[in-house]
Amino acid sequence: NVDTSAVQAVRIERSDGPTVRLEQDDDGWSVAPTDTSVTYPASPQSVNQLFSTLPTLEVNAVTTRQPDKHPRYGVDSTGTTITMLSANDEPLGKLIVGRTEMRRPQSQGRRQNPMQRMRRGTPITYVRQPNRPDVYSVEQSLRSITNRTLTDWREKRLWSLNRSDIRRVDFTFPGDSSFTMQRAAPSDTTA
């Protein structure tokens with residue numbers, strides 16, 4: 001268990017892409033590739049999903065205790081390593097996230113209801129802690145976290161405005177063309 005209030009940075013190392021680092025400062029969370037000094041504001045929704053998902057993972061079962069089976073579950077060098085770091089970059093928690101598969105609902109010898117056929121099943125993701133042989137299954141897909149690229153972690157909103165606060169919008173184009181849109185003032189005749 002990791003005290004998420006102590007987490008100041010998160011490093012996500014994918015075997016098939018660049019490592020991404022999320023870091024918290026006074027202005028919120030930022031994201032950067034680890035090979036440059038460039039940083040971007042991170043999407044608050046993505047960061048919230050990370051911190052609402054990882055700490056709540058519940059182990060469904062021990063899948064194997066045999067290290068030679070790690071490749072089968074993707075918790076070897078092909079997995080994604082997520083490291084939560086303190087303010088002085090000390091690891092607070094580390095997890096290797098492997099393959100996700102769908103466990104089909106079992107019919108238990110009965111004919112399936114047509115509505116049940118439409119369900120794809122339950123996502124099962126394999127995880128393990130580094131330097132430990134045990135591989136665990138969790139009933140949750142972590143792909144939305146592990147498959148994100150730097151661009152996916154970035155905040156894409158340019159601004160956030162309350163529509164009711166906007167009174168006027170000015171459009172200015174090169175070559176002397178411009179126009180203004182202005183909200184009509186409430187009249188005395190409206191009830």
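A residue is called buried when its relative accessible area is under 20%, exposed when that area is over 50%, and partly exposed in between. The model described here is a predicted one. With these limits in hand, F179 can be placed: because its relative accessible area is 42%, F179 counts as partly exposed. This residue lies in strand β11. F179 also belongs to a nonpolar patch on the surface, of about 360 Å², which V169, F173 and M181 help to form. Two elements each give two or more residues to this patch, namely β10 (168-173) and β11 (177-182).

The discussion now turns to the main sheet. Nine strands form an open sheet with antiparallel pairing, and their order is β4-β3-β2-β1-β6-β7-β8-β9-β5. At its edges stand β4 (40-41) and β5 (59-64); each has a single partner strand, so one side of each is left without a neighbour in the sheet. Within the sheet, β1 and β2 are joined by four bridges in the antiparallel sense. One residue pair shows how the two strands are matched: V10 has L22 of β2 as its bridge partner.

Strand β3 offers a residue to examine in detail, S30. Is S30 buried or exposed? Its relative accessible area is 15%, and S30 is therefore buried, since this value is under 20%. Apart from neighbours within four places in sequence, the residues in contact with S30 are R21, L22, E23, T39, Y40, P41 and A42. Among these contacts is L22, the residue already met as the bridge partner of V10.

Helix α1, which spans residues 44-53, also has buried residues: S46, V47, L50, F51 and T53. A general property of helices is useful here. An α-helix has 3.6 residues a turn, so residues three or four places apart point the same way. What covers the buried residues of α1? The cover includes strands β1 (9-13), β2 (20-25), β3 (28-33) and β6 (80-85), together with helices α4 (143-146) and α5 (150-153).

The final topic is charge. Side chains of opposite charge can pair when their charged atoms come close. The model contains nine salt bridges. One of them joins the side chains of R21 and D89, with a distance of 2.6 Å from N to O. This pair links distant parts of the chain, for R21 is in strand β2 and D89 is in the loop between β6 and β7 (91-103), 68 residues apart. R21 is buried because its relative accessible area of 19% is under 20%, whereas D89 is partly exposed at 37%. The pair also takes part in a network of salt bridges that links R21, E23 and D89. Both R21 and E23 were named above among the contacts of S30.

Two further salt bridges may be compared with the limits given at the start. The side chains of E155 and R157 meet at 3.2 Å, N to O. E155 is partly exposed, with 23% relative accessibility, and R157 is partly exposed as well, with a relative accessible area of 45%. The side chains of R168 and D170 form another salt bridge, at 2.9 Å from N to O. Here R168 is exposed because its relative accessible area of 51% is over 50%, while D170, at 42%, is partly exposed.

Terms used: Residues numbered from 1 in each chain as written. Predicted model: local features only at pLDDT ≥ 70, side-chain atom pairs only at ≥ 80, totals over all residues. Heavy atoms only, no water. Patch = residues over 30% accessible without salt bridge, like charges linked within 9 Å, V, L, I, M, F, W, Y side chains within 5 Å. Areas by Shrake-Rupley, 256 points an atom, 1.4 Å probe, with all protein chains shown as cover. Salt bridge = Lys/Arg side-chain N within 4 Å of Asp/Glu carboxyl O. Buried < 20%, exposed > 50% of the residue type's maximum accessible area, 1.4 Å probe, protein only. Contact = heavy atoms within 4.5 Å. Pairing = 2+ DSSP bridges.
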